[in-house]
Amino acid sequence: MTPAATILARDESADATAASVTLWKSIVGDPDADPVIPERVPADYAGAALAMVARYVGESTDVDDHALREGVIRLGGFLTHAVPGVRQSGDMEFVPADNAMIRSGAGPILSPWRVRRGTVCE
């Protein structure tokens, strides 16, 4: 699944697929499901983490569902408990993206899907 498809589910877009909605609800929980899906990460932090993951791997990169979910959960959990004195965006505080990806463990999980750009050596 691509991060872009999951972003549509996060934004409750009519264009979101059932699979992307299921993936998003497995992260933020669904009290109306039977059985109830518990919240792993608060929705606002999960949304921020998803945006950071999309930037890290590329929005249109097809990432394994399990790796995408685990990356967002780890990064969102890390952001939930980020230390004071870090960069602030709106009413939420964040650590720099590269540092958060590494320290949360999401970077190594998503590394196989990361878009790398090379340069020409002369």
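A crossing of two helices is called right-handed if the near helix is turned clockwise from the far one by less than a right angle. Keep that in mind for the first view of this predicted model.

**View 1. Helices H2 and H3 cross with a right-handed turn.** Here H2 (residues 18–28) packs against H3 (residues 43–57) at an angle of about 125 degrees, and their axes sit 9 Å apart. That angle falls outside the ranges for roughly parallel, antiparallel or perpendicular, so the pair counts as oblique. On the H2 side, the contact is made by Trp24, Ile27 and Val28, while H3 brings in Ala43, Ala46, Gly47 and Leu50. Sorted by type, the contact residues come out as 6 nonpolar, 1 polar and no charged.

**View 2. Ser26 is tucked away in helix H2.** With a relative accessibility of 11%, Ser26 falls under the 20% cut-off and therefore counts as buried. Its side chain reaches over to the backbone oxygen of Leu23, at 2.6 Å. Skip the neighbours within four places in sequence, and Ser26 is in contact with Ile37, Arg40 and Arg69.

**View 3. A cis peptide bond joins Asp34 and Pro35.** Most peptide bonds are trans. At this one, though, omega is about 5 degrees. Pro35 belongs to the loop between H2 and H3.

**View 4. Glu12 has a positive phi.** Most residues other than glycine have a negative phi. Glu12 isn't a glycine, yet its phi is about 55 degrees. Look for Glu12 in the loop between helix H1 (3–10) and H2. Its relative accessible area is 73%, over the 50% cut-off, so Glu12 counts as exposed.

Definitions and conventions:
Residues numbered from 1 in each chain as written. Predicted model: local features only at pLDDT ≥ 70, side-chain atom pairs only at ≥ 80, totals over all residues. Heavy atoms only, no water. Axes fitted to C-alpha atoms, helices over the stretch in contact; angles between N-to-C directions. Helix = DSSP H or I, 4+ residues; strand = E, 2+ residues; numbered from the N terminus. Parallel < 35°, antiparallel > 145°, perpendicular 65-115°, else oblique. Contact = heavy atoms within 4.5 Å. Nonpolar A, V, L, I, M, F, W, Y, C, P; charged D, E, K, R; others polar. Buried < 20%, exposed > 50% of the residue type's maximum accessible area, 1.4 Å probe, protein only. Polar contact = N/O pair within 3.5 Å; in protein donor to acceptor, adjacent residues only side chain to side chain.
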